[in-house]
Number of protein chains: 2
Amino acid sequence: MEPYGYNGKILRVDLSSRVITEEAPPPVFYRRYLGGGALSLYYLLNELRPGVDPLGPENVLIFAASAVTGHPAVGFSRYTVAAKSPITGAFGESEAGGWWSPELKSAGFDAVVIKGKADKPVYLWIKNGKAEIRDASHVWGQMTREAQQAIRKELGDEKIRIALIGPGGERLVKYACILNELKHVHGRAGLGAVMGAKNLKAIAVRGEKKMALHAPEKVREIVKEVADIWKTKPSPLGELGTARTIMLLNAAGILPTRNFTTGVFEKAEAISGETMKDTILVGRGSCHGCPIRCKREVKVDEPYKVDPEYGGPEYETLGALGSLCGVGDLKAIAMANQLCGAYGLDTISTGTTIAFAMECFEKGILTTQDTGGIKLEFGNAEAMVAMVEKIGKREGFGDLLAEGVKIAAEKIGKDAGRYAMHVKGLPLPIHEPRGKVGLALAYATSPTGADHIEHPHDPVFETEAGVKLALPLGILEPLSALDLSSKKVRMFVYLQQLYNVFNSIGVCILSIRFLGGPTSITNIVDYTNAVTGWGTSLWELMKVGERHSAMARIFNLREGLSSKDDDLPERFFEPLDQGPLKGKKIDRQEFQKALGTYYGMMGWDKNGVPFESKLEELELEWAKPLIPKKD
Amino acid sequence: MEPYGYNGKILRVDLSSRVITEEAPPPVFYRRYLGGGALSLYYLLNELRPGVDPLGPENVLIFAASAVTGHPAVGFSRYTVAAKSPITGAFGESEAGGWWSPELKSAGFDAVVIKGKADKPVYLWIKNGKAEIRDASHVWGQMTREAQQAIRKELGDEKIRIALIGPGGERLVKYACILNELKHVHGRAGLGAVMGAKNLKAIAVRGEKKMALHAPEKVREIVKEVADIWKTKPSPLGELGTARTIMLLNAAGILPTRNFTTGVFEKAEAISGETMKDTILVGRGSCHGCPIRCKREVKVDEPYKVDPEYGGPEYETLGALGSLCGVGDLKAIAMANQLCGAYGLDTISTGTTIAFAMECFEKGILTTQDTGGIKLEFGNAEAMVAMVEKIGKREGFGDLLAEGVKIAAEKIGKDAGRYAMHVKGLPLPIHEPRGKVGLALAYATSPTGADHIEHPHDPVFETEAGVKLALPLGILEPLSALDLSSKKVRMFVYLQQLYNVFNSIGVCILSIRFLGGPTSITNIVDYTNAVTGWGTSLWELMKVGERHSAMARIFNLREGLSSKDDDLPERFFEPLDQGPLKGKKIDRQEFQKALGTYYGMMGWDKNGVPFESKLEELELEWAKPLIPKKD
């Protein structure tokens, strides 16, 4: 065993001074922070001054793979982008798969820490341990596809992997995203706008370095073992992608529809994964090392022109731009998805924001005078597509919606705020807490705001496969999705820590969740040990997960957030109007009790502030002075 | 994987009504409580009414193996006896190795829960799933060896394993012990007196049942792997036993000597493991499945007659009856050790109590008038041996000392209390906190009082082997034995939980600690899974460890103990008088701070009361009402 068996390098880029350096953190650092979210939080807490403008030069933007990224193991292709979020003013992180992070590792780096702001558009070019800042004037303003093509051509290598923004990020749309390979998206938290604000169009990487492995045979063995499982047991994700969820949730009465006013969508089938497969699906995409191929590739010729190069809509996209807007037109959703990809917009936030505007329109709070003539009615597919483009261009009414639901509602005034579905400013993803009540806790406590990937969803608790996932944590029995007792809080706390591990080590939650065997978690430990030689355990990895939560909490406290921000839109405390769960609502008292229990289980006081002893226990002594003193 | 892959049975005996029953707890119970200490605490908290007389019929006495006990794996032979302790009034548990618990398992039971009091002396006879209460009048009053022989003869089977008490337990010496095979001793907490108070002389067991294994091949593989390590790397424990520690601690200036008045003993060599090996050692004993053979077997012909059947003195015994009493006569210690075995007395408490009396004698608080003519001076070997026998018989001055140092000091009056070295009433084991300051925390917080086996000792923190032990917990670097910072508290908390796992699953700490490889902990997980099929992890086992601490804390709170009882004898806040650590003392302020940090890390409030949310997190919802309400 080699307790310090991993050495890595971090690339540091100051865009203001154009100084590029690299650093090699002490090996113990990787064991404590792994990569991804936890690694990013370490840098953000240590190097980002609180209170700065997220879109100013002082924000720190981090792209982080992990100590174990880079080998073709199923589900290990993910990485994190993190910064102070411009849409929440809180900790922002968003993960994506694809091929970018293994390439970064092969180029010699675990992470890139970016500060400052370039005086004109640039992109970063990292190859085999070297990095340079290059002019991007010629691609500034270009759609993502054109920009990607141009950079590849300029550098003369088709194998270059590029993470980049579109015009949405350049124009500081508050929920602009970052894409790699045009299909793998860091959607949430508006990190594309942070990139745009730094005048950074793209980070292109190419690496040919062979990475060291502690136990190559063991790595190969684990990779093969998992790949073999997929041979004998095809994933339900493969055939229908995440889009399979549409029909399941609609049948359960919790497919978020028309801005969460209902959970049953009469046109669900039209936008389902099944319909997609039978109509516009032309291929399936994948990530590095993954045989599941859950990504959709769709093609539409009319009335829209949609190209498979941008992939196809995921579940969240179908919901956000579909049912949430009352839109049952799959081709229109595919078009809107492509526009989001081209402009670099988060499909979830885009959909939730348009759905908000539609409800305001239906309620008469907005009229065609506000929208520039667009009849923003629920179900108006053309209006939805038109609004996406206007948001991407920050044109007309799109300029307002580009601010997200929270600020838009404030600017619209009247009782628009009532229809703004967000937590901490982040527009809601497409999951209904009234039917999966663990999500109420998840949305309220996620440091990034209402997120779909920072925490377990409730259904994992009520299926055999979900429970199997958590078997090594002693979670043995499914709990009802309507349970919000201390048992559910405990399950949530344990799994949230596990998800933090996934998001720090760069593991795809979907590949794990659907693997359907308890080996999946222990495999992560075995795999980590085979790569690093650390001799670590699930216990120690879970401590990284706890560390992640504590650091994120401190980040937000430092930015002025408090337990008051751990809340939900009022709508969820009102009953569902129809379907199998008609009448079901979140009980305010039960919710507040669960929140208090959650704080306690996390080692936080009743105001949600981590106890000093908890920080000491997590080896976060250094973070104690960062907690704001009480007045 | 079989989340509920272990089914076991508990034998219940009511000695008052002579009703014997058995129960099969739900399989999940074993996963949550494993066995040993945690299992015992579950029963004690649920079935023992607080405030009862520990020596009355209402006390509940538990003998507990674990779900994985019973297979010949190195170090897995241990089991726990637990009850409310008559010497502390708090939670009492004490572990021993040997052969008794594998035999109990082969007889079909994981644990025996004993209530009530027999109307006359009895013993319990358990064979192949059946149990009966038998008359013990003929062996009552007998020394342990004679009683063991008589019971074996009566039952006509030499292979019977017997846990029993001697005249000390019958006479309710507050620190009477329970022995099996005359050499394996549940020494601490006075559990032999609890047995005596129930008129229960012995529990004889015989089992021929073959136990089910989830993965027999894997079990054999792990057993072989560990056994092979010992073939290539003989344990330092084998040659000199735990007695090797005498010279090491004396050289470090922390061999407790003359009732902890100093840490250097001028006759250390005379009572060392080395001298024992060269003089009176005639053999080495072992436990079920263990090739290390750390147990001593000694023989003395004159001036005392000592028989190897009672084994030989361990380190703690050499210290307690040797250096602590200023006695440098190895033969006298061997004799006293035999007397303790014969009468069934805890050698540690016996030695610490005699050393206390010696200091009182030297200070003039006691005179020969009090002691019945015995010159109880430090170094008087004959007096020491004589006192052991008087304690065993509760004869003369021995009757007072049979109460332990705390009560004896109260009865003696004057400033005798100043020389009573105990925590919570339990006489100190032979380790000097001023040179291993983690022990200050260990002694103060151990729910059983000052104990040597409920928690890590400090040296484990400053050796490479100690650190390797803890590698899967992310403990990577040794810490100085004089460090009492939050880092040390963290290390202590993590390792205390691990030790709780050892003491619940029935693993020998020595076999693990000296194994010198990180595989030792993960082996426990692999082994547990191979036996049970649970698919558990180190993370889940550590939660059992936390659960143990929380339950023990509640037990003590319920019995009226508070944070005030988490303290040390005043002597340790005064400087050491000589040796390499001359001048070193425990700093009161630093100690109190560490204690507060410890509470916080455990999820307890500043008064040391577990937060309700911590109990909920540990799946101890049922224990919440047991915490006494504040006035």
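Biologist: Which element gives the largest share of the lining of the largest cavity?

Modeller: Rolling a probe the size of a water molecule over the atoms shows where empty space is left. Here, helix 24 of chain B gives the largest share, 6 residues (helices are DSSP runs of H or I, at least four residues, numbered from the N terminus). This is a predicted model, in which local features need pLDDT of at least 70, side-chain atom pairs count only at pLDDT 80 or more, and totals for chains, interfaces and linings use all residues. Residues are numbered from 1 along each chain as its sequence is written, chains are lettered from A and ligands numbered from 1 in the order written, and side-chain values use heavy atoms, without hydrogens and water.

Biologist: How many cavities of 30 Å³ or more are there, and what is the volume of the largest?

Modeller: The search of the whole structure finds 5, and the largest has a volume of about 160 Å³. A cavity is a set of points on a 1 Å grid where a 1.4 Å probe fits but cannot get out, and lining residues have an atom within 4 Å of a point. Among the 17 lining residues, B:T445, B:P447, B:S549, B:R553 and B:W604 are the closest to the centre. Helix 21 (486-505) and helix 24 (538-558) of chain B each give two or more residues.

Biologist: In chain A, is A:R553 buried or exposed?

Modeller: A:R553, in helix 24 (residues 538-558) of chain A, is buried, because its relative accessibility is 7% (buried is under 20%, exposed over 50%, with a 1.4 Å probe and protein chains only).

Biologist: What turn lays chain A on chain B?

Modeller: Two copies of a chain are related by a rotation about an axis and a shift along it. Here the turn is 180°, with a shift of 0.0 Å and an RMSD of 0.0 Å; the copies are therefore related as by a two-fold rotation axis (superposed by least squares on C-alpha atoms with pLDDT of at least 70 in both). In chain A, A:W539 comes closest to this axis, at 2.1 Å (C-alpha).

Methods. 1 Å grid on protein atoms, 1.4 Å probe; cavity = no way out; pocket = protein on both sides within 12 Å on 5 of 7 lines; lining within 4 Å. Points joined across faces, edges and corners; volume = space filled by probe spheres on them.
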